Amino acid sequence: EARKLSEKIKKKGGAELLGVKANLVDLVWANERPPRPNEKVSVLDIEFAGKKFAEKIEDLRKELDKKKSAGLIVSITPTTATLYVDQSKLGDKVIPHLGENVRIRPYSAIFEDSKAFGESLEMLAPIAGRPPIPKKKFWISTKASWALSLELGGEEKVEEVRSPIGDAKAIKNATELEGMRACHIRDGASLSEYFAWLEEELVVKGSKLDEVQAADKLEEIRSKKDRFVGLSFDTISSTGPNAAVIHYKPERGNCSIIDPTALYLCDSGAQYLDGTTDTTRTLHFGEPKEMERKAYTLVLKGVIALDRAVFPKGTSGFALDSLARQFLWREGLDYRHGTGHGVGSYLNVHEGPIGIGTRIQYSEVPLSIGNVLSDEPGYYEDGNFGIRIENMIMAQEAETNHKFGDKPWLSFEHVTMVPMCRKLIDGKMLTPEERTWLNDYHQEVFDKTKGFFKGDERTLKWLERETRSINVMEFTLA
């Protein structure tokens, strides 16, 4: 960003943009800056990671050699990777696990070391008046700080690139993909249990629950599942007009009571040792209005269209975005957020560089086999209601009758196992193919999660009701 700003200033006849040594934000903080987070670093077992970290570093070194780069400032050199971290964060198992190929340096040493790295570059001798230039440059992420670039020696010693580490993380290995499938089944069972409980509390018992109290119950249910570590983000538990706020966050003691006569949107996720989840469902516990059913069904059609997409290798998320929006667009409707984001494997719930949306960056990176993304169109009426449906999908090679251009074709596999809201679906708006998809999906959800509800009659009855098939002949709910 600093480089782009500098170039823009120069184009308009301005002076050069100069970096300053002092961090202006630190100066503003003075002595009031809160301490850095100090959570412990842990080792993720190969059972869940699927690949040893040393093998991942070796793959990265091969990429650096292929592109004739001096190194990637994360930092990795030809023989040793350096981890900049406060050593107090490292548990007893971490240092032995890293072994001799990883140096541990204080977090604060990154600038001092970067300056030394820059000064150590072998330079080509000057010729014909050309100043000496380095034989190789350091790679640095386009999202890295300008200060780090300057310490390395600036533009003549640094090449800004999209991080190859980010690219590698976005393509999950077979173990990580299987972990995603497994954790989404457990997580889906938790959500079904939660929605069945919430419906009983609101409709049968007439309980008064606020948005945070409901979210707390969901976390309690999730925490009992195998391999649960924590939430992947703060739960968006939103009723009525609050659901129209896309990134709404209820505050304890200052949030709304859930209204059973209004739409309820729940966007939530968890971290498990074998994967990361992020699921959104919109429900109604009373009698939905005609526009609410129509909007929900238009959004559902978009979810299905993206889920069923088949596309050639090299296609970006930018190109697929309109598949999810097309049904809303036909009605003159839309939503002001992306259709999908990358998801980490026991890592960030929002993970680049891939995504599905209208941002130009999503046109720069084609989707690849092993990518995990969200499929989450929505519709929002300010001050009234909000609707969003979100499934996790994984890119896979598609079986097609032909292979035009002798290239692979891709499709998606969904892993989220939570029913759609039956009373919000207008079956007459669905095509035969869409109804078949929905019936197959609901059967899959039932088959994969019913085993969690032995002895839980409330949830099992709710699940049976919500996953009943749609009657294709009559276009009504059977």
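This is a short walk through a few local features of the structure above, and please keep in mind that the model is predicted.

Let's start with helix 4. Helix 4 covers residues 53-66, so to speak a run of 14 residues, and the distance from its first C-alpha to its last is 20 Å, close to the 20 Å expected at 1.5 Å a residue. Now, which residues of helix 4 are buried? They are Ile-57, Leu-60, Arg-61 and Leu-64. Those four cover an arc of only 105° around the axis, which puts them on the same side of helix 4. If you want the background to that, an α-helix has 3.6 residues a turn, so residues three or four places apart point the same way. Notice that an arginine, Arg-61, is in the buried set. Turn to the other side of helix 4 and you find Lys-62 and Lys-66, which are exposed.

What do the buried residues of helix 4 pack against? There are four elements on that list: strand 1 (69-72), strand 2 (81-84), strand 6 (137-141) and helix 8 (164-170). And just after helix 4 comes Lys-68, with a positive phi, near 55°. Hold on to that one, since we'll meet other positive phi values in a minute.

Two of those partners, strand 1 and strand 6, take us to a sheet. This is an open sheet of three strands in the order 1-6-7, and the pairing is parallel. Strand 1 and strand 7 (158-161) are at the edges with a single partner strand each, so one side of each is left without a neighbour in the sheet. On average, and ignoring direction, neighbouring strands here are turned by 35° against each other. Between strand 1 and strand 6 there are three bridges in the parallel sense, and if you'd like a pair to click on, Ser-69 has Lys-137 in strand 6 as its bridge partner. Helix 4 packs on this sheet, where it touches strand 1 and strand 6, and its direction makes about 145° with that of strand 1.

Next, a sheet with antiparallel pairing. This one is open too, with four strands in the order 14-21-20-17. Which strands sit at the edges? Strand 14 (311-312) and strand 17 (372-375), and each of them pairs on one side only. Strand 17 runs antiparallel to strand 20 (residues 391-397), and four bridges join them. Within that pair, Val-372 stands opposite Met-394 in strand 20. A helix packs on this sheet as well: helix 11 (residues 290-307) touches strand 17, strand 20 and strand 21 (409-414), and its direction makes about 155° with that of strand 17.

One more strand pair before we move to loops. Strand 9 (residues 236-239) has Ile-236 and Ser-238 pointing one way and Ser-237 and Thr-239 pointing the other way, and all are buried. In general, the side chains of a regular strand alternate between the two faces of the sheet. Strand 9 is joined by four bridges to strand 10 (residues 263-268), and the two run antiparallel. Thr-239 has Tyr-264 as its bridge partner in strand 10.

Okay, backbone oddities. As a reminder, most residues other than glycine have a negative phi, and most peptide bonds are trans. Ala-30 has a phi near 55°, which is positive. Where is Ala-30? In the loop between helix 2 (24-29) and helix 3 (46-49), and at 53% relative accessibility Ala-30 counts as exposed. Arg-227 also has a positive phi, near 70°. Arg-227 lies in the loop between helix 10 (211-223) and strand 8 (228-231), and it is partly exposed, with a relative accessible area of 37%.

For the peptide bonds, look at Gly-352 to Pro-353: that bond is cis, with omega near 0°. Pro-353 is in the loop between strand 15 (340-341) and strand 16 (355-356).

Last stop, Lys-450, in the loop between helix 13 (432-449) and helix 14 (457-466). Is Lys-450 buried, exposed or partly exposed? At 37% relative accessibility, it counts as partly exposed. Leaving aside residues up to four places away in sequence, Lys-450 touches Leu-460 and Leu-463. Lys-450 and Glu-466 are 16 residues apart in sequence, and their C-alpha atoms are 12 Å apart in space.

That's my tour, thanks.

Note on methods:
Residues are numbered from 1 along each chain as its sequence is written. This is a predicted model: local features need pLDDT of at least 70, side-chain atom pairs count only at pLDDT 80 or more; totals for chains, interfaces and linings use all residues. Side-chain values use heavy atoms; hydrogens and water are left out. The expected span of a helix is 1.5 Å times one less than its number of residues. Buried means under 20% relative accessible area, exposed over 50%, partly exposed in between (1.4 Å probe, protein chains only). The arc is that of the directions from the helix axis to the C-beta atoms. Contact means heavy atoms within 4.5 Å. Two strands pair if DSSP finds at least two bridges between them. Axes are lines fitted to C-alpha atoms, for helices over the stretch in contact, and angles run from 0 to 180 degrees between N-to-C directions.
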